[in-house]
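Hi everyone, thanks for coming. Let me put the structure up on the screen, and then we can walk through a couple of spots together.

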Amino acid sequence: MERRSFIKQAGAGVAGAAVAAPALASDLPTIKWRLASSFPKSLDTIFGAAEVVSKRVAAATGGKFQIQVFSAGEIVPGPGVLDAVKDGTVEVGHTCSYYFVGKDPTFALETAVPFGLNSRQQTAWMMEGGGLELFREFFKEYNIYQIPCGNTGAQMGGWFRKEIKTVEDLKGLKFRCGGFAGQVLSKLGVVPQQIPGGDIYPALEKGTIDAAEWIGPYDDQKLGFNKVAKYYYYPGFWEGGPQITLYVNHKQWSALPKEYQTILEDACLYAHAEMQARYDVKNPTALKQLVGSGTQLRPFPNEIMAAAYKAATELYDETAEKNPKFKKIYEPWKKFRDEQLQWFAVAENRFDNFMQAARSAAAKNKK
């Protein structure tokens, strides 16, 4: 009898909560924001993360908090998202911070830098390793409140018209690459080109550039890079776990009701996890299709990766010496990275390497 009474009372409590929720929502304001994305609509995974945020925010607020998503170029060009949010042209943006290294190289650390963190390590650094607090302070100077909102996982090394076998082959190569990677590769003789995603194909097709990297098989196949370049290299050692970020105008963020702030951050966290899950599901199939249609898959030679690693380390030390903002984040970031590498070597890497060997052995035994 007591158990039945408890269940009945608990049920009444749940029903009361369900009735109370809309009453709470009715006390909150109706808000409509515009979001400027740095990505084209055709890339449903990376662009789609902003749409996921919009839908979840609307659903959680009964439609009282609405965010309308605009693709790159509809309000501002992709590279203009930071200034658009900072200046209040739009309330919110979805972009990669390393697009803005021209303003300050510190931005690169918020997305990815060569030989940096993988996606799990990046999320750990931001959520629990102190990264979020450091970057929130940095972004205040740009009138922006930033929220992690997506990760592609390790990216590919890009599409090349010719094979790359030695560092010498990189000399004079016009290569589309984003963020700090261009400055690292320029030390090896590459001529970096920063071109928005939607403009890469025509540049590669016309020969304006010799090679280009974007994200990975799923998006690269959609953009048709395999039609204008034969060789597909891996890994994208400059983007082990690149984070995509939601920028919110700081004044608009401060004016949001606390309930809406929580809902927005929770929606971003969901989109953050979903983006990588979608890429992890879609990339293997796309890669098989690309190879099946004639794409030549190639690993970067160790000589090139070793030279790039040396160049990257030199660049970070040089930048930290000249830029106090970069140094303030780089030093704890580097310590965190080194500790994570030690841990992953014990757990993840050993496990992953064994599983690859076991899979290969099983495949051979079936023949």
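Here's a question to get us going: is Cys149 buried or exposed? One thing to keep in mind while you look is that this is a predicted model. And the answer is that Cys149 counts as buried, because its relative accessibility is 0%.

Now, what about Cys268? Cys268 is buried too, with a relative accessible area of 0%. You may be tempted to draw a bond here, since the cysteine sulfur closest to that of Cys149 is the one in Cys268. But the two sulfurs are 4.0 Å apart, which is too far for a bond, given that a disulfide needs them within 2.5 Å. Seen from the other side, Cys268 is in no disulfide, and its nearest cysteine sulfur is that of Cys149. For the structure as a whole, the disulfide count is zero.

Okay, let's move over to strand β3, residues 92-95. Which way do its residues point? Val92 and His94 point one way, Gly93 and Thr95 point the other way, and all of them are buried.

So who are the neighbours of β3? One is strand β1, residues 31-37, which pairs with β3 in the parallel sense over three bridges. If you'd like a place to zoom in, find Ala36, whose bridge partner in β3 is Gly93.

Another is strand β10, residues 243-249, which runs antiparallel to β3, with four bridges joining them. There, look for Val92 with Val248 of β10 standing opposite.

That's my tour, and I'm happy to rotate the view for anyone.

Methods: Residues are numbered from 1 along each chain as its sequence is written. This is a predicted model: local features need pLDDT of at least 70, side-chain atom pairs count only at pLDDT 80 or more; totals for chains, interfaces and linings use all residues. Side-chain values use heavy atoms; hydrogens and water are left out. Buried means under 20% relative accessible area, exposed over 50%, partly exposed in between (1.4 Å probe, protein chains only). Helices (H or I, at least four residues) and strands (E, at least two) are DSSP runs, numbered from the N terminus. Two strands pair if DSSP finds at least two bridges between them.
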